[in-house]
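Me: Could you take me through one part of this structure in detail? I would like a close look at a single helix and how it sits in its surroundings.

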Amino acid sequence: MDQAIETLQKWVDESRRIVFFGGAGVSTESGIPDFRSQDGLYNQKYPDPPETIVSHTYFVRRTEEFYRFYKDKMLSPWAKPNAAHKKLAELERAGKLTAVVTQNIDGLHQDAGSRAVYELHGSVRRNFCTRCHARYDGMDIILDSPGVPKCPKCGGLIKPDVVLYEEGLDSDVLYGAVEKIRDADLLIVGGTSLVVYPAAGLINYYQGRRLVLINLQPTGMDSRANLVIKGKIGEVLGQIQVR
Ligand code: NAD
């Protein structure tokens, strides 16, 4: 075991209120592309950058194009949790981790068995009708519609329960996440470029002295971290023992 992972293991062993804060990089080992890696969606050819397409304005004005991209790139019904998702669920079961705070919308933490999951940006597994507010769980309502999904009850436009750019975060989710982070004795941040706000700002609420960053590329917060591990998050967390 290299020294950084040994330190992480020691800190995990000594902690009882671990919080994990993650982003799209947590799911790349499950085959879901992130936004900013080399193979990320920013580097693929689309008429507009992904953050423009998954914006509120785009959803309202160019609904068909929004859904073409969304179905093609944001829905991954085949994806399975990887070693990172599984280890975090194991830490929660062992009573050592109090929350996963995620910017991801893919639902893989829950698939792995995590229960205390704060989904800052919502979930592709929930949808609602913008007219009659009927709710549709799962992805079928979207996947089964050939074009723009419409409500079977009233014909209204269906919107995924995800936070699009220009939209605000759910305040209950946000405050819940802040509370857990504030109370954490170890904060592990991983698989995120930490450039999407307000989500990235949440780590400022951490008051402890054990801030760990696990990422493939450097982030703007590396200098503030007490431990930086450059590597794949599934490979790193996969080596940690829960005891
Ligand atoms: P990002 O694409 O901006 O950054 C991902 C970061 O993870 C990069 O720094 C990259 O180096 C790193 N990374 C990639 N694979 C990794 C791995 N295996 N191990 C460790 N690090 C790895 O992602 P972000 O910061 O989450 O911001 C993008 C926004 O897009 C988020 O708001 C998120 O909601 C959304 N998004 C979600 C998904 C998803 O739900 N799976 C996928 C794409 C984008």
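To set the scene, what share of the 243 residues in the protein chain is buried? After that, please turn to helix H4: which of its residues are buried, which are exposed, and what covers the buried ones?

Reply: Happy to! Please keep in mind that this is a predicted model. Of the 243 residues in the protein chain, 51% are buried. The chain holds nine helices and nine strands. Its radius of gyration is 18 Å, close to the 18 Å from the globule rule for 243 residues, so the chain is as compact as a globular protein of that length. Contacts that span the sequence are well represented too: of those between residues at least 6 apart, 64% join residues at least 24 apart.

Now to H4 itself, which runs over residues 63-74. Its buried residues are Thr63, Phe66, Tyr67, Phe69, Tyr70 and Met74. Because they cover an arc of only 165 degrees around the axis, they lie on the same side of H4. The spacing fits a general rule: an α-helix has 3.6 residues a turn, so residues three or four places apart point the same way. Turn to the other side of H4 and you will find Glu64, Arg68 and Asp72 exposed.

What lies over the buried side? The cover for the buried residues of H4 includes three other helices, H2 (50-53), H3 (56-61) and H7 (140-143). Strands contribute as well, among them S4 (122-129) and S6 (158-162).

Terms used:
Residues numbered from 1 in each chain as written. Predicted model: local features only at pLDDT ≥ 70, side-chain atom pairs only at ≥ 80, totals over all residues. Heavy atoms only, no water. Buried < 20%, exposed > 50% of the residue type's maximum accessible area, 1.4 Å probe, protein only. Helix = DSSP H or I, 4+ residues; strand = E, 2+ residues; numbered from the N terminus. Arc of directions from axis to C-beta. Contact = heavy atoms within 4.5 Å. Rg over C-alpha atoms; globule rule 2.2 N^0.38 Å.
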